[in-house]
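Me: Pick one part of this model and walk me through it closely, please. I'd also like to hear about any odd backbone angles.

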Amino acid sequence: MIVILKRNPNPEQLESLIAWLREKGISIHTSAGVENTILGLVGDTSKLDMDLIAALDIVEDVKRVQEPFKNANRKFHPEDTVIRVGDTQIGGGVLAIMAGPCSVESEAQIVGIAQAVKASGATMLRGGAFKPRTSPYAFQGLGEQGLAFLRAAKEETGLPIVTELMDLNQLPLFQKYDVDVIQIGARNMQNFDLLKVVGQQEKPVMVKRGMSATYEEWLMSAEYVMAGGNENVILCERGIRTFEPFTRNTLDLSCIPVLRRLTHLPIVVDPSHATGKSYLVEPMALGAVATGADGVLIEVHNDPAHALCDGPQSLKPEEFDAVARKLLKIHSLSRSLAETAP
């Protein structure tokens, strides 16, 4: 349920309303917009009398929210969420470019790539220290050593770190090495115990869409994080599994305008994992930005032919440089068109 307040509501009446709702066991999410303030009510609202609340002098309107996701719902939070990570941000009209290798292989490798992608316009460094692999015999990542190398690259370049958390036991290491954005991979999108725990800490969480997940299931995973108190959630589209075997997955760019209607959370697209082919990364990344994505997640490797993980979908630093320049131009043009549209 949402309660839309009139402009400049009487403070004493508002305080009385909030106190009464809390006595009923209702959690309240307040969203102050330019025109109105909205109270998002979370809990068992079935016993609340809508007519009684609507009759209050400070109330403009009362509506029930049918969707099961509440905190992530745009009806609760009409303004877009902007997540700030150090000196950069995700959302709010700024294009976030997250780039780096699929897996951290050595300190020299990750520091060198970090320097290259930053020079090309990347705003964040991505890289896997822990890697979920289909085969138990494939390279599983360097673990804690990989986090240490990521931290060294961050100290060298100033780029915030984005890396995947696979297990609850790894969280203390993420805190130790000051990971900036915790990535929840597609395979863990519905690992609800993991989502609950990352919801109880303050670092931003990027939830990748499960390979067979619907929009509602994806948003409900974000809701798990937000229900724990952490509202800094990013959604990442990385392709879904369909009948087409030519690409690694099928990139669903239609999710961007759909999610814009459903949620206030920022949306990032990963064209590398979606397509599995390096020559498809550029057109899909450009399409994502043109469609309104808040950021892209692109794999970059200094020697893709000898990469320990996902070399075929990785760009070389010089290729990434050309793509990044185009992305910034497309983003600028899209922003200009949006501002001049009637």
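Reply: First, a bit of vocabulary: helices (H or I, at least four residues) and strands (E, at least two) are DSSP runs, numbered from the N terminus. This is a predicted model, where local features need pLDDT of at least 70, side-chain atom pairs count only at pLDDT 80 or more, and totals for chains, interfaces and linings use all residues. Residues are numbered from 1 along each chain as its sequence is written, and side-chain values use heavy atoms, with hydrogens and water left out.

Let's go with helix H10, residues 278–291. The expected span of a helix is 1.5 Å times one less than its number of residues, so the 14 residues of H10 should cover 20 Å, and the end C-alpha atoms are indeed 20 Å apart. Leu280, Val281, Ala285, Leu286, Gly287, Ala288 and Val289 are buried in H10 (under 20% relative accessible area; exposed is over 50%, partly exposed in between, with a 1.4 Å probe and protein chains only). Those buried residues pack (contact means heavy atoms within 4.5 Å) against helices H8 (255–262), H9 (271–275) and H11 (317–340), plus strands S13 (267–269) and S14 (295–299). Right after H10 comes Gly292, with a positive phi near 110°.

Now the non-glycine residues with positive phi. Asp310, in the loop between S14 and H11, has a phi near 55°, and counts as buried because its relative accessibility is 17%. Asn8 has a phi of about 50° and lies in the loop between strand S1 (2–5) and helix H1 (11–23). At 75% relative accessibility, Asn8 counts as exposed.
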